[in-house]
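Please work through the exercises below with the sequence and the coordinates open beside you, and attempt each task before reading its solution.

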Amino acid sequence: MNKGCIVAILDDLQMSVHLAKISTTYAYELNFCDKISQISYKSSPTAIIIDLNSTSEEDLQKIVASTQNHNITIMGYCQELNSPLLNYFKEMGCEVVFKRYELMKNLGQILSNLFNAS
């Protein structure tokens, strides 16, 4: 049973392995994308997870624009995060922004809450 879909736009091996483990455990669909054009829109709730350290502002704007009118939550993470940076990414369209460490530590619970609330 597919409870949700995760789209990962990242170049982070450790995060990729962690996402694969979580998606297998909870039966989430998992798609890794290198390009915005590879994002497919599902009817099920979807979380797009973006490594903000390796995504350009232009690409982030395109991702946000392409996800309008879909049941999608944009989650970003970066190594270091302070208040001005958090506000910047939220203004850019990321609904949730985490420090990488915090996301790794709590990813299973965050996705469970997200997909069960939808």
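The exercises that follow concern a predicted model, and each task is paired with a worked solution.

**Exercise 1.** Classify the ring pair of Tyr28 and Phe115, and locate both residues along the chain.

Solution. Begin with the geometry: the ring centres of Tyr28 and Phe115 lie 4.8 Å apart with their planes at 65°, and because planes over 60 degrees apart count as edge-to-face, that is the class of this pair. Next, place the residues: Tyr28 sits in the loop between α1 (13-26) and β2 (29-32), whereas Phe115 belongs to helix α4 (residues 100-117), so the pair, at 87 residues apart, links distant parts of the chain. Finally, turn to accessibility, where both Tyr28 and Phe115 are buried.

**Exercise 2.** Which residues do ring pairs link into a cluster with Tyr28?

Solution. The structure holds three aromatic pairs. One of them joins Tyr26 and Tyr28, which are stacked at 5.6 Å centre to centre with 20° between the planes. Together with Phe115, these two tyrosines make up the cluster linked by ring pairs. Within it, Tyr26 is partly exposed at a relative accessible area of 34%, while Tyr28 has 8% and is buried.

**Exercise 3.** Decide whether Phe98 and Glu91 are buried or exposed.

Solution. Take Phe98 in strand β5 (residues 96-99) first: its relative accessibility is 17%, and because buried means under 20%, Phe98 counts as buried. Its contacts, leaving aside residues up to four places away in sequence, include Met75, Tyr77, Leu103 and Ile110. Then consider Glu91 in helix α3 (residues 83-92), which counts as exposed at 69% relative accessibility.

How values were computed
Residues are numbered from 1 along each chain as its sequence is written. This is a predicted model: local features need pLDDT of at least 70, side-chain atom pairs count only at pLDDT 80 or more; totals for chains, interfaces and linings use all residues. Side-chain values use heavy atoms; hydrogens and water are left out. Helices (H or I, at least four residues) and strands (E, at least two) are DSSP runs, numbered from the N terminus. Buried means under 20% relative accessible area, exposed over 50%, partly exposed in between (1.4 Å probe, protein chains only). Contact means heavy atoms within 4.5 Å. Rings of Phe, Tyr and Trp (its six-membered ring) pair if their centres lie within 6.5 Å; planes under 30 degrees apart count as stacked, over 60 as edge-to-face and the rest as tilted.
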